[in-house]
Amino acid sequence: MDIPRDLKYTKTHEWIKRDGTRIRIGITEYAQKELSDVVFVELPKLGQDVLQGRAACVVESVKAASDIYSPLSGKVVAVNKDLELDPALVNKDPYGRGWIFDISLSKQEEINSLLDANQYDTLIHQKA
Amino acid sequence: MYQVPTQSLTMDEKLIFEKSKPGKEGCSLPREGMVSSGLESGIPPSLKRTAPPVLPEVSEPEIVRHFTNLSRCNMGVDTNFYPLGSCTMKYNPRVNETIAQLSGFRDIHPLQPADTTQGMLKLLYELERHLSLICGMERFTLQPAAGAHGELCGMMLVRAYHKKHGNGKRKKVIVPDSSHGTNPASAALFGFEVVVVPSNERGRVDRGTLDRVLNDETACLMMTNPNTLGLFEDEIVPIAKLTHERGGLLYYDGANLNACLGKVRPGDMGFDIVHLNLHKTFSTPHGGGGPGSGPVGVSKEIVRFLPSPLIAFNKGCYTLEDSSPDSIGRLKLFHGNIGVLVRAYAYIRSMGSAGLAQASEDAVLSANYLRNKISKAYDVPYNDFCMHEFVASAARQNLKGVHAGDIAKRLIDYGFHPPTVYFPLIVKEALMIEPTETEPKETLERFIEAMLAIAKEAEENPDIVKKAPHTTVVGRCDEVLAAREPTLCYQAPK
């Protein structure tokens, strides 16, 4: 299972890539596999405020519709419009072209609550 | 040994539009003497058609064969055993149909003066009394058009109740993680925030967590009893007490009432608001889009908020009465899905109270019989005495790459409608089986044989299961493509 070392993770299977105060968010390899074929991504709105641990958008697969929880609090500054045309990017390239949205971080200290790659690895192996 | 039937039906898969040829006619209208009604003079030109509609042109026998053949591809409770968990696909006695077709019910209009529709109003009035008695509630509205509509009605009642009591800040609705998907959806649709509580190791609501999340922001706790694992929530009385102490209301999703008739009443368990699925428990053909009917019953404190109008009986006359000024208003045109209401009334009256109790007993007996036999070859994660349904898992078969969905498809080859699969979400590879009370033991035995045979196939020849069904006109459709690129209307080739 691919778990890039340079990313942070949540218990709810989102990944976080940090560039200063700009944060990119997507779902993990494990999450896309569990969901199976993604058929629709309801993106958050640009400029929308999101709170840590609260639902920010929805990913729909043939199996289920799942909330995506914002790993951190902030304002949505970009959304991946490509997913509107090709939601399967979430399956094909979850850590790359399948990214979902960017936020500008508002609470620096929340970063400390995230999991690193090792911790996330342990988490999904407990589940399996 | 049960023999898998070979394919008995062949059909060209053309759409009716593809069978169309210009100039063919299904019915011949007179060429002359068709007089314009003059109605179109009142329609503004911007709303008038400029070109005739694109309709298929086929002969009458072609139409008859097209739809008859389509209907032969169908699998329903009139042709096959239909153990669809949480949906109560019981057999619908024909006498209910006969009664719903009586001219005095079928050929009247809801805008007729009430003194010309006394029979129908009496039926609705009495149906409300029967449902109230069966559920231990004070009154019912018959308006909601289906279960989810009933849930929405329930959420509106919850808000109206709290608002009246100055508790507008109660914005959270609690649901168990085993709940029907419509429960959180209805709550969210009406603007409530949804809080999920996990199930405990016995498959029941975890009281410890519930105790922590129930507070002065809680509007309501939505539950199904028995729950979607088919297990009776045996701590419902203390749960109701706790919910009420914290100022919340208790909502009953009636999808599983088929286990309870004449045995236990939601009102006595402490529920304040109840929706029923008349089309399930009270026997109307459903599936494939309805119509359904989702009456909502309430306790005394909530009657004043019920939708308007309600049916009253005054001085020997049945009338429609606008209810109190606190009413949430009208939810549906006229009186709800009236045909379903008539069938439910006929069902209740023909079964009688002893018959209804017997139905629930038989439903529970059948489910436990199947659970016991099927658990020899399949995992049953919460293998406890169940009510009218139980949830097995294909986890064991999964080791050979066979999924619950494959087993469901293979059952079609054996002549059974598949059970509900992948629900509830808390059971991996779930197969949710509800036999209902209407099946003879012979059918149950055949179903057990088929399930055990499929388990053996999964072990020895998994491919036959993974590629099922083998006996239908259409096998596996491309669900992913259908969801990603839905084409919902016929598109003529250019």
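This is a guided tour of a two-chain model, with a suggestion at each stop for what to select next.

**Before you start**

The structure is a predicted model, in which local features need pLDDT of at least 70 and side-chain atom pairs count only at pLDDT 80 or more, while totals for chains, interfaces and linings use all residues. Residues are numbered from 1 along each chain as its sequence is written, and chains are lettered from A and ligands numbered from 1 in the order in which they are written. Helices (H or I, at least four residues) and strands (E, at least two) are DSSP runs, numbered from the N terminus.

**Stop 1: the sheet in chain A**

Select chain A and look for an open sheet of 6 strands in the order β1-β2-β3-β9-β8-β5, with antiparallel pairing. Two strands count as paired if DSSP finds at least two bridges between them. At the edges you will find β1 (8-9) and β5 (49-50) of chain A, each pairing on one side only. Now zoom in on β1(A) and β2 (residues 14-19) of chain A, an antiparallel pair with 2 bridges. To see one bridge, show Y9(A) and its partner W15(A) in β2(A).

**Stop 2: where the chains touch**

Next, display both chains. How many residues does each chain give to the contact? Chain B gives 5 residues and chain A gives 5 residues; two residues are in contact if their C-beta atoms, placed from the backbone, lie within 7 Å. On the chain B side, 3 are nonpolar, none is polar and 2 are charged. Here Ala, Val, Leu, Ile, Met, Phe, Trp, Tyr, Cys and Pro count as nonpolar, Asp, Glu, Lys and Arg as charged, and the others, Gly among them, as polar.

**Stop 3: helix α4 of chain B**

Select residues 118-135 of chain B, which make up helix α4. Its 18 residues should span 26 Å at 1.5 Å a residue, and the end C-alpha atoms are indeed 26 Å apart; the expected span is 1.5 Å times one less than the number of residues. Colour M120(B), L123(B), L124(B), L127(B), E128(B), L131(B), I134(B) and C135(B), the buried residues of α4(B). Viewed down the axis, these buried residues fall within an arc of 135°, so they line one face of α4(B). The arc is taken from the directions from the helix axis to the C-beta atoms. A residue is buried if 20 or more other C-beta atoms lie within 10 Å of its own, exposed if 12 or fewer, and partly exposed in between, with C-beta atoms placed from the backbone. Just after α4(B) comes G136(B), with a positive phi near 70°.

**Stop 4: a covered strand**

Move to β5 (residues 249-254) of chain B, where 6 of 6 residues are buried. In a regular strand, side chains alternate between the two faces of the sheet. On one side of β5(B) are L249(B), Y251(B) and D253(B), and on the other are L250(B), Y252(B) and G254(B), all buried. Add β4 (residues 218-223) of chain B, which runs parallel to β5(B) and is joined to it by 4 bridges. L221(B) has L250(B) as its bridge partner in β5(B). Follow the chain from β4(B) through helix α8 (residues 236-245) of chain B to β5(B): this β-α-β crossover is right-handed. That means that, with the strands pointing away from the viewer, the path from the first strand over the helix to the second runs clockwise. Then add β6 (residues 273-276) of chain B, which pairs with β5(B) in the parallel sense over 4 bridges; D253(B) is partnered with H275(B) there.

**Stop 5: a buried loop residue**

Select T88(B), in the loop between α1 (60-72) and α2 (94-100) of chain B. Is T88(B) buried or exposed? T88(B) is buried, because 25 other C-beta atoms lie within 10 Å. Now pick K280(B): it is 192 residues from T88(B) along the chain, yet their C-alpha atoms are separated by 5.1 Å.

**Stop 6: helix α14 of chain B**

Finally, select residues 441-460 of chain B, helix α14, whose 20 residues reach 29 Å, close to the expected 28 Å. Colour its buried residues, F447(B), A450(B), M451(B), I454(B), A455(B), E457(B) and A458(B). These cover an arc of only 160° around the axis, which puts them on the same side of α14(B). Turn to the face away from that buried side to find the exposed residues K441(B), E442(B), K456(B) and E460(B).
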